[in-house]
Every structure is written in C-alpha cells, then in structure tokens.
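Me: I would like to study a protein structure with you through a series of questions. Please show it first.

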Amino acid sequence: MQKTLTHPKYPEIKNKQLVLIAALLGFWVPVIIFCKMACEILEKEPIQIDKTILLWIHSQATTFYDHLFVVITTLASAALIVPISLIIITFFWYRKKRFNASVVLASVIGASAANVALKLLFHRH
C-alpha cells in the first residue's frame, strides 16, 4: 500500500491530469500570444487590436482619468515596489518563513529583469 503525504491545509487534488493541462494552457497560451505580438512589433507591423484599444482609450480621455492613471503608474514604479517588497521580505524573514521571503525576492528580481530585457528588446524606455 502506497502512502501519500498530504498537508492538512491543502486537500489532495483528485484529477491531477486536468490540473496539469489547465496549468500548461494557462502558461503556454499567453506565451504564444505574446510571441506572435512580439514578432509583429519587431517587424514593425501594426497590430489592429492595439490600434482599436488605443483609439477607444483616447476617446474616453478626461482630466480625471489623466490624474488617476498618473497615480496608478506611480504605484507601479520602483520607488514604491522596492520598499513594499522589502517590507514583505522582512516580514517573512522574521516569521521564519525563509522560503516565502526567497520566493518574493526571486519574483521581484525576475520581474524586474524581464521588464528591462523586454524594454531593451522592443526599444522602449
């Protein structure tokens, strides 16, 4: 008889193949869409959906939205992401959840590296 280890908080997944397929689709579908759009951008081809979305956004422009999105952009800046990330990492570290602290650190570094690499690839600053 084979004994499986399960965590009391997380019940065992019944249909592992279905979960694996969903995870693979959840990863690969966006990657394929991104690669298709990246090729079009690198070949300087216009992306019709991009143009349609931008025209709609510009048609909705108001002073309120201008200020709102300046705030949203600021919230996503390194000036705010770095201190918040350090607070979260420190919190996990002192609670002896070193793995969680490492995951947050690796995620922030990985996202930052991907951001820089993609901006260089697509010549955006």
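Me: Which residues form a nonpolar patch on the surface, and what accessible area do they have together?

Reply: This is a predicted model, in which local features need pLDDT of at least 70, side-chain atom pairs count only at pLDDT 80 or more, and totals for chains, interfaces and linings use all residues. Residues are numbered from 1 along each chain as its sequence is written, and side-chain values use heavy atoms, with hydrogens and water left out. A patch joins residues with over 30% relative accessible area and no salt bridge (a side-chain nitrogen of Lys or Arg within 4 Å of a carboxyl oxygen of Asp or Glu), nonpolar side chains (Val, Leu, Ile, Met, Phe, Trp, Tyr) being joined within 5 Å and like charges within 9 Å. Here the patch is formed by Ile21, Leu25, Val29, Ile33, Met37, Ile49, Ile53, Leu54, Trp56 and Ile57, and the accessible area (Shrake-Rupley method, 1.4 Å probe, only the protein chains shown counting as cover for residues) is together about 940 Å².

Me: Which helices each supply at least two residues of the nonpolar patch?

Reply: Helices are DSSP runs of H or I with at least four residues, strands are runs of E with at least two, and both are numbered from the N terminus. The protein has 5 helices and 0 strands. At least two patch residues each come from helix H1 (16-42) and helix H2 (48-59).

Me: Is isoleucine 49 buried or exposed?

Reply: Isoleucine 49 is part of helix H2. Buried means under 20% relative accessible area, exposed over 50%, and partly exposed in between (1.4 Å probe, protein chains only). With a relative accessible area of 55%, isoleucine 49 is exposed.

Me: How many of the 12 residues in H2 are buried?

Reply: H2 reaches 17 Å from its first C-alpha to its last, close to the 16 Å expected (1.5 Å times one less than its number of residues). H2 is hardly covered, and its count of buried residues is 0.

Me: Why do the buried residues of H4 lie on the same side?

Reply: In H4 (residues 78-94), the buried residues are Ser85, Ile89 and Phe92. They lie on the same side of H4 because they cover an arc, taken from the directions from the helix axis to the C-beta atoms, of only 60°.

Me: Which residues are exposed on the other side of H4, and which helix is included in what covers its buried residues?

Reply: The other side of H4 has Ala79, Ile87 and Tyr94 exposed. The cover of the buried residues includes helix H5 (98-121).

Terms used. Contact = heavy atoms within 4.5 Å.
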